[in-house]
Amino acid sequence: MFENELKVIEQMQQVRKYEKTVLKMKSKAVFNMVDTSLVMGVYPAGEDDYRRIMELYDIFDEVKRLSYPFTPHITLAYYNVYGFDVQDARGLEKAVRQLNEQEIEFELAVEHLYYQKFLSMNDYINVINLARH
């Protein structure tokens, strides 16, 4: 982890070029992610957004290459190891249907991009503000 943090610091100059960048994103669909979570897949709204997000991804791919494809997403929920009762399952099904029936547009400001340390599925610690460090 410490070596990764040092590598991230080395990449800071490249990230600063994007400090004022805002990436426009759109939702695609809610789906199962590796049998551990329910996520909403997202994609860049236009060609410039795609280019910029891939340039940023490439910067961090130099820190730690992933063995799987880049899959932009928002984690909505982690699966309950004890399962769901019928009422909860119906509520979850309704929420997924509603999310899949509409396209959600939002913006990601690079100035709010952080290198974080993972404590638990719900808790992360901000270590470095990547655009302002």
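Which residues are linked with Arg51 in a network of salt bridges? In this predicted model, the network joins Asp48, Arg51 and Glu55. One of its contacts is the salt bridge in which the side chains of Glu55 and Arg51 meet, with an N to O distance of 3.3 Å. Both residues belong to helix H2, and because Glu55 and Arg51 are four residues apart there, about one helical turn separates them. Glu55 is partly exposed, with a relative accessible area of 28%, and Arg51 is likewise partly exposed, with a value of 40%.

A search of the whole structure finds seven salt bridges. Among them is a pair in helix H3, which spans residues 86-101 and holds both Arg97 and Glu93, placed four residues apart, or about one turn of the helix. The side chains of Arg97 and Glu93 meet at 3.8 Å, N to O; Arg97 is partly exposed, with 43% relative accessible area, and Glu93 is also partly exposed, with 47%.

A further salt bridge is formed between Glu5 and Lys117, whose closest N and O atoms are 3.2 Å apart. This pair links distant parts of the chain, since Glu5 lies in helix H1 and Lys117 in strand S5, with the two positions 112 residues apart in numbering. Glu5 counts as buried because its relative accessibility is 16%, which is under the cut-off of 20%, whereas Lys117, at 29%, counts as partly exposed.

The largest pocket of the model has a volume of about 2,100 Å³. Its lining comprises 42 residues, and those that lie nearest the centre of the pocket are Leu66, Phe70, His73, Leu113 and Tyr114. By class, the lining consists of 30 nonpolar, nine polar and three charged residues. Two helices, H1 (2-16) and H2 (47-61), each supply at least two residues of this lining, as do the strands S1 (22-33), S2 (37-44), S3 (73-78), S4 (105-109), S5 (114-120) and S6 (123-129). Helix H1, which contains Glu5 of the long-range pair, and helix H2, which contains Arg51 and Glu55, are thus both represented in the pocket wall.

On the surface, Tyr78, Phe118, Met121 and Tyr124 form a nonpolar patch, and the accessible area of these residues together is about 410 Å². Phe118 is placed in strand S5, the strand that also carries Lys117, the partner of Glu5, and that contributes at least two residues to the lining of the largest pocket.

Notes. Residues are numbered from 1 along each chain as its sequence is written. This is a predicted model: local features need pLDDT of at least 70, side-chain atom pairs count only at pLDDT 80 or more; totals for chains, interfaces and linings use all residues. Side-chain values use heavy atoms; hydrogens and water are left out. On a 1 Å grid over the protein atoms alone, a cavity is a set of points where a 1.4 Å probe fits but cannot get out, and a pocket is an open set with protein on both sides within 12 Å along at least five of seven lines; lining residues have an atom within 4 Å of a point. Grid points are joined across faces, edges and corners, and a volume is the space filled by probe spheres set on the points. Ala, Val, Leu, Ile, Met, Phe, Trp, Tyr, Cys and Pro count as nonpolar, Asp, Glu, Lys and Arg as charged, and the others, Gly among them, as polar. Patches are made of residues with over 30% relative accessible area and no salt bridge: like charges are joined within 9 Å, nonpolar side chains (Val, Leu, Ile, Met, Phe, Trp, Tyr) within 5 Å. Accessible areas come from the Shrake-Rupley method with a 1.4 Å probe; for residues, only the protein chains shown count as cover. A salt bridge is a side-chain nitrogen of Lys or Arg within 4 Å of a carboxyl oxygen of Asp or Glu. Buried means under 20% relative accessible area, exposed over 50%, partly exposed in between (1.4 Å probe, protein chains only).
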